[in-house]
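Let's take a walk through this structure together. Have a look at it first, and then we'll go through it piece by piece.

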Amino acid sequence: MNLWWLMLVCGVITFAIRYSFIAAEGHYQPPTWFRRLLPFVPIAALTALTVPELLLVHGEIVLGGSNSRLWAGLVAIIVAALWRNTLLTIGCGFLALFLLQRS
Amino acid sequence: MTHTQAFSLGLRSVMPMLLGVAPFGVIYGVVALQSGIPALAAMAMSSIVFAGSAQFLLAQLVGAGAPLLLTAGAVGLVNLRHALYSASVAPVLAHLPRRWKILLAYLLTDEAYAAAIPHLMAVEANSPHAAQAHWILFGSGFGLWAGWQLATLAGVLLGAQLPSNLGLEFALPLTFIAIVVPMIVDRARLVAALAAGAVAVILAAMPYKVGLFIAATAGLVAGVATPRKVK
């Protein structure tokens, strides 16, 4: 029973965080500087999620050839910059990872 | 754009990420059972909490017998970055009735946000498309929700019989790259990305993923602080 209460509490907390600004919109006047931050949210948040996945191996920065995720990620970044195509980027990234892990 | 088209645009955009999310869902199911959580509760958690990394943490802390307050606090910290997504999509959802806001907030994960935001940003305010834009977020949110439920179910039922070392998780960073790189159209956005990435690596060892939230915030501040080029 305790477990179900814990899940409920955690569910409510998670929902409250996600609902916070959506619920408050229209009920408060955010300062201008806050509005200016918002266009950067996708870039900042998603890059923060991604870069450690590429650079870190078991918590350590690995730049050498043994870190195939880093090099496959760089291939994906170049493909994304040149062609701006989601599936092509994912395909080339996986292909690079596959080739690097085999070599 | 009709609401069906908007919904299917969101659904299609989240599909590549399901490839990366599925192994996480399966492993979560396995970890939850190993922590002594009954199968039914492990499945229910995917609907009640519906947050990948928080569910992993929750399962581990339950297994370790951590006190309720600490567990709840840790789950809150892990999900803190979702407040940024909430602020980011709030203006687009402002006109909606409360039931829509509640539904979309419940579905607001990293992946659903990432899949929908390029399309939401492309919709111009007060255009005919703006009235349907929330269907894009509903499409990506629903797609991820359904995929997560199926993956955790597979993990709970089949568990360790499923291969989990295929490297499919790499689909997530790859999709995020495909979404973010085309958004970097000026110097301020490049600085925001570099700052967020660097801080995320430096603070990666912080507990409960607090480093992610600090890194994202650092990226926002760095982006705004970058002076625009004088023409």
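Start where the two chains meet: 56 residues of chain A are in contact with 70 residues of chain B. Keep in mind as you look that this is a predicted model. On chain A's side of that meeting place, the elements that each give two or more residues are α1 (2-24), α2 (32-37), α3 (41-55), α4 (68-83) and α5 (86-102). Which of them gives the largest share? That would be α1(A), with 18 residues. Sort the side of chain A that touches chain B by class, and you get 39 nonpolar, 11 polar and 6 charged residues.

Now cross over to chain B. This chain has 11 helices and 0 strands, so if you follow it from the N terminus on, the elements simply read α-α-α-α-α-α-α-α-α-α-α. How much room does chain B take up? Along the principal axes, its C-alpha atoms fill a box of roughly 60 × 45 × 35 Å. The radius of gyration of chain B is 19 Å, which agrees with a compact globule, because a globule of 231 residues would come out near 17 Å. Of those 231 residues, buried ones make up 51%. You can also ask who touches whom inside the chain: take the contacts in chain B between residues at least 6 apart in sequence, and 78% of them join residues at least 24 apart.

With the big picture in place, let's zoom in on the backbone. Most residues other than glycine have a negative phi. That makes a couple of spots here worth a stop.

One is A:Arg84, whose phi is near 50°, a positive value in a residue that isn't glycine. Where does A:Arg84 sit? Look in the loop between α4 and α5 of chain A, two of the helices we met on the side that touches chain B. Is A:Arg84 buried or partly exposed? A:Arg84 has 13 C-beta neighbours inside 10 Å, so this residue counts as partly exposed.

Another is B:Lys209, again not a glycine, with a positive phi of about 55°. You'll find B:Lys209 in the loop between α10 (187-202) and α11 (210-225) of chain B. Its surroundings are worth checking too: B:Lys209 counts as buried because 23 other C-beta atoms lie within 10 Å, and the cut-off for buried is 20 or more.

How values were computed
Residues are numbered from 1 along each chain as its sequence is written. Chains are lettered from A and ligands numbered from 1 in the order in which they are written. This is a predicted model: local features need pLDDT of at least 70, side-chain atom pairs count only at pLDDT 80 or more; totals for chains, interfaces and linings use all residues. Two residues are in contact if their C-beta atoms, placed from the backbone, lie within 7 Å. Helices (H or I, at least four residues) and strands (E, at least two) are DSSP runs, numbered from the N terminus. Ala, Val, Leu, Ile, Met, Phe, Trp, Tyr, Cys and Pro count as nonpolar, Asp, Glu, Lys and Arg as charged, and the others, Gly among them, as polar. A residue is buried if 20 or more other C-beta atoms lie within 10 Å of its own, exposed if 12 or fewer, and partly exposed in between; C-beta atoms are placed from the backbone. The radius of gyration is taken over C-alpha atoms; the globule rule is 2.2 Å times the number of residues to the power 0.38.
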